[in-house]
Amino acid sequence: MDTNEDELLQPRTHPLKLFDAAKSQSRLLYACAPMVRYSKLAFRQTVHHFGTDLCWTPMILAKEFNRSHFARDSDLTVSTSLTQVPTIAQFGANDATELSRAASLAAPFVSGVDLNCGCPQSWACAEQLGAALMERRELVRDMVVATRARLARDGWAVGLTAGDVDSPRGRSVSVKIRVHRDLRRTVDFITAVIGDEHHRNVDWLTIHPRTRSTPSSAPIDLAALEVLTSTFGRKLPILVSGDVFALSTLPYTSHLLAPQPTFTTSTPDNADGSTPAGLPETPHLPNLSGLMSARALLANPALFAGYESCPWEAVDVFMNNVARAPLPLKLGVHHLTEMCGPGFGPDRNAALLTKKERVRITEMGNWVDVINYLDEVRSQRGEQGGVVRFA
């Protein structure tokens, strides 16, 4: 590999520098969660355009990734342009050798690797992947230790010194977890995985404060989140995943959240913005470092730019990204129906297209018909030009 190609494949910014940059701007880091099928390149480019700092790939099965170049080509798509989206490759693994080998293969093309200890799907848990690993903290510790060691042997800078973080070869290792019903077990899990806090095994931690069996329709466990961020948030950056639907409706506060401009107007429950009498106090999380969103970003890629519902501009950016990083028609249309639907913001009537119009898109058999239909609908609503074509 010559020097120019080597520089092209190496993202220039270590994820820890992104955390520092966000903090210097008096805000939290913004992250796009790993979503099966949906966290593909065109979508990652779109959310990055609207202020998302760090994007995850869908969970990749390390064993398949190691053995099949078809899996590598399908699961890990990156841009060859000079503008790179900071990307974390997330792996599903239950073996230190498999994870470290997969990390070695992915490292030239991503900013870091992440171990999934949060997927609650039954097939994953049956294979001792995802949330099943929350019962095996020593194995998780051994996997991240082996992965850091393998990357170091390969010549990547995986230390925590300023030289490593500033190096163009700097790479991160992280873990995404859920919580236990008995929070003491989660504290023990995190303590084991971090190891020596001054030479920790992971660069940061993403916490989804629901248990393996808690449905996504149930609120996140704010008490657990408050305990874990206060216990570990000074030792390493912590991202929260879950119930990040709009910047103005988060169920907690932080000095890095106030105030946040949004592109809709809303009135607080009380004139002074305080919690109404009879409702529980909103927890304050001074040691939280970042927000990770999944479903809400799928519906509104501009969420972290302050939009509480998806603007047409986001559809334009997505469509142009798909032209350069193609998606299968069915997958791309699903993205469009999510983006043009009601979303998860406070205004449930903010859909860009009616339900009938969204159904109509799903019946189309090619991208030309989809684009022509969007042009037609937007023209009928007084917009000039329809889908904006970028140069």
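Phe-245 has a relative accessibility of 24% in this predicted model, so the residue counts as partly exposed. Phe-344, at 29% relative accessibility, also counts as partly exposed. The search for aromatic pairs, to which these residues lead, gives a count of five. One of these pairs joins the rings of Tyr-30 and Phe-304, whose centres are 4.4 Å apart and whose planes stand at 0°, so the arrangement is stacked. Tyr-30 belongs to strand β1 (residues 29–32), while Phe-304 lies in the loop between α12 (295–299) and α13 (312–324); the pair therefore ties together parts that are 274 residues apart in sequence. Both Tyr-30 and Phe-304 are buried.

Phe-245 and Phe-344 themselves form a stacked aromatic pair, with 5.5 Å from centre to centre and 15° between the planes. Phe-245 is found in the loop between β8 (238–241) and β9 (290–293), and Phe-344 in the loop between α14 (329–339) and α15 (355–362), so this pair ties together parts that are 99 residues apart in sequence. Elsewhere, Phe-19, Trp-56 and Trp-204 form one aromatic cluster.

Aromatic rings also take part in arrangements with charged side chains. The charged end of Arg-169 sits over the ring of Trp-156, at 4.0 Å from the centre of that ring. Arg-360 lies over the face of Tyr-373, and here the distance to the ring centre is 5.9 Å.

Charged groups may also meet one another. Side chains of opposite charge can pair when their charged atoms come close. Across the whole structure, 13 salt bridges are found. Among them is the one in which the side chains of Arg-67 and Glu-98 meet, at 2.9 Å from N to O. Arg-67 lies in helix α4 (residues 62–67) and Glu-98 in helix α6 (residues 96–106), so the salt bridge ties together parts that are 31 residues apart in sequence. The two partners differ in their surroundings: Arg-67 is exposed, with a relative accessible area of 51%, whereas Glu-98 is buried, with a relative accessible area of 17%.

Another salt bridge joins Arg-378 to Asp-316, with a distance of 2.7 Å from N to O. Arg-378 lies in helix α16 (residues 367–380) and Asp-316 in helix α13, and the pair links distant parts of the chain, 62 residues apart. Arg-378 and Asp-316 are both buried.

A further salt bridge connects Arg-185 with Glu-135, and the closest N and O atoms are 2.2 Å apart. This pair, too, links distant parts of the chain, since Arg-185 is in helix α10 and Glu-135 is in the loop between α7 (122–126) and α8 (137–153), 50 residues apart. Arg-185 has 38% relative accessibility and counts as partly exposed; Glu-135 likewise counts as partly exposed, at 46%.

Both of these residues lead to His-180, as Arg-185 and Glu-135 are among the residues that His-180 touches. His-180 lies in the loop between β6 (172–177) and α10 (183–194). With a relative accessible area of 7%, His-180 is under the 20% limit and is therefore buried. Beyond the two partners of the salt bridge, and not counting residues up to four places away in sequence, His-180 touches Met-134, Thr-186, Phe-189 and Thr-211. With Met-134 there is also a polar approach: the side chain of His-180 reaches the backbone oxygen of Met-134 at 2.9 Å.

Notes
Residues numbered from 1 in each chain as written. Predicted model: local features only at pLDDT ≥ 70, side-chain atom pairs only at ≥ 80, totals over all residues. Heavy atoms only, no water. Helix = DSSP H or I, 4+ residues; strand = E, 2+ residues; numbered from the N terminus. Buried < 20%, exposed > 50% of the residue type's maximum accessible area, 1.4 Å probe, protein only. Polar contact = N/O pair within 3.5 Å; in protein donor to acceptor, adjacent residues only side chain to side chain. Contact = heavy atoms within 4.5 Å. Phe/Tyr/Trp six-rings, centres within 6.5 Å; stacked < 30°, edge-to-face > 60°. Lys NZ or Arg CZ within 6 Å of the ring centre and 35° of its normal. Salt bridge = Lys/Arg side-chain N within 4 Å of Asp/Glu carboxyl O.
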